[in-house]
Amino acid sequence: MFSRPNLKRQFLISVGLVLTISLLGLAILGIVGYRGVAFMLLVTVSILAMFLDIVPVLVSAVLSALIWDFFFIPPRFTLTVGTAEDRLLLLMYFVIAMINAALTNKIRKIEKAVKEGDEKEKSVKFYNTLLNSLSHELRTPITTILGSTDNLQSRSEKLSEADKAELINEISVASIRLNQQVENLLNMSRLESGMFHIKKDWCDINELIYKTLQRLEPNLQRYRVAVEIPEQLPLFKLDFGLMEQVIYNLLINVTQHTPEDTLITIQADCVRDKLVLTIADNGTGFPEGELDKVFEKFYRLKGAPTGGTGLGLSIVKGFVEAHRGNVRIENLPVRGSKFTIEIPTEKTYVNKLKE
Amino acid sequence: MNKPSILVIDDEHQIRKLLTITLQSNNYSVLEASTGKEGINSVSTHPPDLILLDLGLPDENGHAILKHLREWFSNPIMIISVQTNEEDIVKALDNGANDYLIKPFRTGELLARIRSALRDARKEPNNPEVKFEDMSIDFANRVVKKDGAAVKLTATEYSLLSLLANNDGKVLTHRYLLHQVWGVARQNESQYLRVFIAQLRKKIESDPNRPCHIITESGIGYRFIGNPSTF
């Protein structure tokens, strides 16, 4: 939908177009006749009605009727109309032009209202999902923390040392979970704020991947991880922090949807001017019907375990797209699934930088 | 020996309380300030051994307080911030902060950083040789040893490593490293830094993919840790 020009420009457009068509009519009057010109002007008013506000369109209707009367209807160059038939025609012209302008405008208003209604309904649904998901994901750890501290504060003497240790551990686990959710929400609002900008700098893909793996060591203890990066892979210009978050979220996602001992294969390569990064697993794969939805905000797989907000993969998508790249997911022929990220970016080969 | 004193400048009462309890129980004496103004007054009457400074104070911008303090105060200043904005952190480090911690941080990390910053401040200058757990650098003879065996380094690799090792435990920004090792002309050409860090890791790290001496600080710089097991 294009935005409509301001009112002053709308008047210029409507008057300008009517005058242009009138001149054209004058030029070909001998061929089409003065009644033919009437149709040309009528079409002009109809077209204007599709794009402009009601007042400029009405102006064009009146103006074109006057022009047609003055320049075209015999006797020409007077406002008088010779025959009764032409008088009727002029009246009809005027009425049709007005109705046309008014009706088109009304239809457009209705269309707009319907569209706004649709959008509103969609966003209400969206925020309901959001609130449900959020209140669950935030309140569960908060409940754990409050409950545990209440117990520790008021019933301390009745609790065994082992119970106390367990409650303290619960507080710790819940806090980490809460922090993770807040982190995701902050990233998402960063993306949506429009204040978000990326800072590209030269990145060593080895460093990027292994740094992320090191951060995820506790989560990946029970998985097998293989990293395959060609020896001569160039450096790429990327936002290191954002790409770290991308790989982090993808790997967390894999651990949430595959059983322990799954093999995770991370590959990076340079294909033409693109960095191509894949993360594959030999787990259970995604349900085919849900593949195209996994990057949607707040989408969660049916029957997915609790502990996620459905934000991780949409942040991946947002951060990759901020690099003008794309991310996709597919199920592998035998078993498991594969995420592929492609980012077109500057690269530089390492050898020429060495001394 | 006197307990080292730490000034906490943070407007959040809960954070000050947490830090005070944590630090006192680890044998530090703690001073508190809730505004930048209070903090600066406190520093001028009782200069502490280290300052923990929150960047988001209500009365004055943390960066301004940092700059003001650095006009006369040379002991370590550590930034604590809720902001994960890398540019903000780099700016603070450029303005003379020694280190940074992002809220929420873990106590273990906080204490390790404080120990490291205080050790750094008390470090004897003009030391001709440094010895770490599995490596040593003999500055007088330009010899680097890893597990007792000499490591062959290029001139650039050596100057990068000695710069890092002389700032044990401290985060150095990309720009600072490039400026110091490659000079002004290449201070924005981070590709050199990436390549030489990778080469150095291959030579001095037991597992170059799991570095424990040269740590990547995403989007900010690198931190050298001489003795990883005690950090």
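Let me start with the contact between the two chains in this predicted model. On one side, 18 residues of chain A take part, and they are in contact with 15 residues of chain B. Three elements of chain A give two or more residues each to the side that touches chain B: strand S1 (201-203), helix H6 (205-215) and helix H8 (240-257). The largest share comes from H6(A), with 5 residues. As for chemical character, the chain A side divides into 7 charged, 6 nonpolar and 5 polar residues.

I turn now to chain B as a whole. Chain B holds 8 helices and 12 strands. Its C-alpha trace spans about 50 × 40 × 30 Å along the principal axes. How does the radius of gyration of chain B stand against that of a compact globule? For 231 residues, such a globule would have a value near 17 Å, and chain B has 18 Å, so the two agree. Buried residues account for 34% of the 231 residues in chain B. Of the contacts in chain B between residues at least 6 apart in sequence, 55% join residues that are at least 24 apart.

Next, the division of chain B into domains. The domain assignment gives domain 1 of chain B as 5-122 and domain 2 of chain B as 129-230. Their C-alpha centres lie 27 Å apart. Between them, 10 residues of domain 1 of chain B are in contact with 7 residues of domain 2 of chain B. Which elements give two or more residues to the domain 1 side? They are helix H4 (86-94) and helix H5 (107-122) of chain B. H4(B) supplies the largest share of that side, 5 residues. The domain 1 side that touches domain 2 of chain B comprises 4 nonpolar, 4 charged and 2 polar residues.

Chain B also contains an open sheet. Four strands make up this sheet, in the order S6-S7-S8-S9 of chain B, with antiparallel pairing. Its edges are strand S6 (129-131) and strand S9 (149-151) of chain B, each of which pairs on one side only. From one strand to the next, the twist averages 20 degrees. Looking at one pairing in this sheet, strand S8 (residues 143-146) of chain B runs antiparallel to S9(B) and is joined to S9(B) by 3 bridges. There, B:Lys146 stands opposite B:Ala149 in S9(B).

Finally, I return to chain A and to strand S5 (residues 274-281). On which strands does S5(A) pair in the antiparallel sense? One partner is strand S4 (residues 263-271) of chain A, joined to S5(A) by 8 bridges. Another is strand S7 (residues 337-344) of chain A, where the antiparallel pairing with S5(A) also extends over 8 bridges. In the pairing with S4(A), A:Ile264 stands opposite A:Asp281 of S5(A). In the pairing with S7(A), A:Leu275 stands opposite A:Ile343. S4(A) and S5(A) form a hairpin with 2 residues between the strands, and in this hairpin A:Arg272 takes a positive phi near 50 degrees.

The two faces of S5(A) can also be told apart. A:Leu275, A:Leu277, A:Ile279 and A:Asp281 make up the covered face. The uncovered face consists of A:Lys274, A:Val276, A:Thr278 and A:Ala280. Thus A:Leu275, which stands opposite A:Ile343 in S7(A), belongs to the covered face, and so does A:Asp281, the residue opposite A:Ile264.

Notes: Residues numbered from 1 in each chain as written. Chains lettered and ligands numbered in written order. Predicted model: local features only at pLDDT ≥ 70, side-chain atom pairs only at ≥ 80, totals over all residues. Domains from an automatic or database assignment. Contact = placed C-beta atoms within 7 Å. Nonpolar A, V, L, I, M, F, W, Y, C, P; charged D, E, K, R; others polar. Buried ≥ 20, exposed ≤ 12 C-beta atoms within 10 Å, placed from the backbone. Pairing = 2+ DSSP bridges. Rg over C-alpha atoms; globule rule 2.2 N^0.38 Å. Axes fitted to C-alpha atoms, helices over the stretch in contact; angles between N-to-C directions.
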